[in-house]
Amino acid sequence: MNRLSVSRRIVSNIHGFRSVQRTLCSDTGVKNPDLVSEKPLEKPGLRDDIPQYDIAIVGGGMVGMALACSLATMPLTKQLSVAIIDSNPALMNNFHIKKEDPPDPRVSTVTPATISFFKDMGAWEFVQQHRHAYFDKMQVWDYTGLGYTRYNARDVDADVLGCVVENKVLHKSLLSCIQNTDFQKTIHSSRLSSITFPAMSSVTSSSGTSSSASGSSAKLELDNGNSMYAKLVVGADGSKSSVRELARIQTTGWKYSQSAIICTVEHAVENFCAWQRFLPNGPIALLPIGEKFSNIVWSMDPKEAVDRNSMSEEDFVKAVNLALDHGYGPHPRSKSFEGGNVFSWLKADSTSSTHEGFEVPPKVTKLASHRMAFPLSLMHANSYASKRLVLIGDAAHTVHPLAGQGVNMGFADALCLSKVIAEGVAVGSDIGEITLLQRYESERKAANITMMAILDGFQKAYSIDFMPINVLRALAFNGAQYISPLKRKIISYASGNKLLPLFT
């Protein structure tokens with residue numbers, strides 16, 4: 001039987017394909033019958049035995065899970081297939097948070113904008129079932145005693161200024177939210193080893209049209225030997241991002257000559273206010289966490305951090321109370337908002353907090369957790385997006401913790417990126433195309449740089465003990481306390497509003 005007759009039999013008797021295949025192999029000397037297969041043609045550059053996803057999120061922390069949860073709950077993106085790559089066993093184990101456990105020292109102060117984001121995803125309900133603390137008041141002052149500022153949610157007709165939540169509660173709320181959907185997600189308990197972004201090459205098909213042979217997906221290799229393809233790789237793997245490093249994205253930044261100590265403390269009474277005092281070596285913050293607990297975030301020079309971290313519990317509690325009370329300098333005097341005050345001409349437009357006097361924070365009675373210390377730095381990625389790759393959260397930026405804005409910036413990244421992806425899906429765009437991803441970069445880079453500049457300016461301004469600078473800081477405190485339009489702008493901006501605190 002010659003090849004022509006075999007070909008005719010294929011056309012005339014498609015149901016006898018297997019017998020034709022054997023005949024063809026015997027007549028032509030082909031030893032591997034798999035060369036003639038019923039399988040559909042594979043996509044160029046891809047293999048059927050390697051998983052293929054729409055999105056691979058490297059990093060299953062709070063920001064990475066927030067992106068996954070947002071995609072899972074948006075109508076246009078919930079059908080996407082997503083891989084989450086993280087070696088954290090908490091993602092695989094259905095761990096439970098016991099209400100009777102003392103608070104973990106790792107907490108986040110989430111803004112009203114972040115709270116709305118969680119509510120829209122359906123994740124805030126879990127938070128409300130566990131320990132958390134809303135606060136509607138905040139007091140900021142420094143060690144010179146020359147001024148202070150009180151903020152109140154009523155100043156902007158709001159109920160709260162923010163909410164302090166343990167990181168493990170936020171993380172579990174997002175994980176539970178995803179598990180309650182039919183979202184096509186796969187969690188890979190592994191680490192990323194390499195990423196390959198194939199170069200575009202033009203291939204002409206039999207119809208004469210040109211198509212991409214290898215530009216449709218990135219290939220990810222994991223340290224357990226597995227691999228996968230994804231149309232979009234999201235780096236959500238923290239400040240030491242392997243995605244950012246493998247993509248050779250450069251960063252700009254510097255280390256602060258400070259370290260931060262964090263821990264949980266306990267009071268005799270419940271704390272409902274957020275407190276922050278600027279000391280000569282850095283700020284100390286006392287944040288309510290609920291049930292007579294508060295969280296301490298104390299920035300100082302690295303040597304002092306080592307010394308304070310090794311103190312006895314009794315000595316450390318004394319040091320904290322001193323730092324939050326009259327240590328390093330006197331209390332600011334509560335000024336009367338009357339004719340003798342330089343800002344008395346603004347009385348008609350005063351906010352409710354304008355009339356609030358200085359208060360001393362509640363005393364700390366004991367430590368309720370171990371102490372943790374870590375160095376502080378500022379880092380910003382020069383680029384957030386390239387073809388088939390995008391960075392979010394700490395992989396793109398890290399900031400000083402003095403205003404608690406770092407994780408809120410990351411959550412805003414996740415929300416923005418999920419919206420951009422949804423827009424791409426709506427019009428049939430390739431979700432890994434750089435032109436689409438640049439919309440995310442354009443919006444978030446501008447917002448993040450602005451916030452980073454403000455926080456870095458605060459850090460530098462309050463690290464100088466020089467009388468003319470001290471006087472300027474006092475003017476700033478008093479201006480924010482008594483100039484109501486300025487105070488409203490500050491509260492609005494810190495709450496997640498995109499408007500700048502000045503000149504808007």
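1. Axes are lines fitted to C-alpha atoms, for helices over the stretch in contact, and angles run from 0 to 180 degrees between N-to-C directions. This convention underlies the helix geometry discussed below. The model under review is predicted.

2. Two packed helices are described by the angle between their axes and the distance between the axes. In this model, helix α4 (residues 112–121) packs with helix α10 (residues 406–426) at an angle of about 45 degrees, the axes lying 10 Å apart. Angles under 35 degrees would count as roughly parallel, and those of 65 to 115 as roughly perpendicular; α4 and α10 are therefore oblique to each other. The crossing of α4 past α10 is left-handed.

3. Which residues make this contact? From α4 come Thr114, Phe117 and Phe118, while α10 supplies Asn408, Phe411, Ala414 and Leu415. By class, the residues of the contact of α4 with α10 comprise 5 nonpolar and 2 polar, with no charged residue.

4. An open sheet of 3 strands, paired in the antiparallel sense, follows the order β3-β7-β4. Its edge strands, β3 (107–110) and β4 (132–135), each pair on one side only. From one strand to the next, the twist averages 20 degrees. Helix α4 packs on this sheet and touches β3, β4 and β7; the direction of α4 makes about 100 degrees with that of β3. Helix α4 thus appears in two packing arrangements: with the sheet and with α10.

5. Within the same sheet, 4 bridges link β4 to strand β7 (residues 162–166), and the pairing is antiparallel. As a point of register, His132 stands opposite Val165 in β7.

6. Strand β14 (residues 251–267) deserves separate comment. With which strands does β14 form antiparallel pairs? One partner is strand β19 (residues 372–381), joined to β14 by 9 bridges. Another is strand β17 (residues 293–300), joined by 8 bridges. Strand β18 (residues 364–367) is also a partner, through 3 bridges. Each of these pairs runs antiparallel.

7. Individual residues of β14 fix the register of these pairings. The bridge partner of Lys255 is Ser377 in β19. Cys263 has Ile296 of β17 as its bridge partner. For His267, the bridge partner is Val364, which belongs to β18. As general background, strands of a sheet pair through backbone hydrogen bonds, either parallel or antiparallel.

Methods: Residues are numbered from 1 along each chain as its sequence is written. This is a predicted model: local features need pLDDT of at least 70, side-chain atom pairs count only at pLDDT 80 or more; totals for chains, interfaces and linings use all residues. Side-chain values use heavy atoms; hydrogens and water are left out. Two strands pair if DSSP finds at least two bridges between them. Contact means heavy atoms within 4.5 Å. Angles under 35 degrees count as roughly parallel, over 145 as roughly antiparallel, 65 to 115 as roughly perpendicular and the rest as oblique. A crossing is left-handed if the near helix is turned anticlockwise from the far one by less than a right angle, and right-handed if clockwise. Ala, Val, Leu, Ile, Met, Phe, Trp, Tyr, Cys and Pro count as nonpolar, Asp, Glu, Lys and Arg as charged, and the others, Gly among them, as polar.
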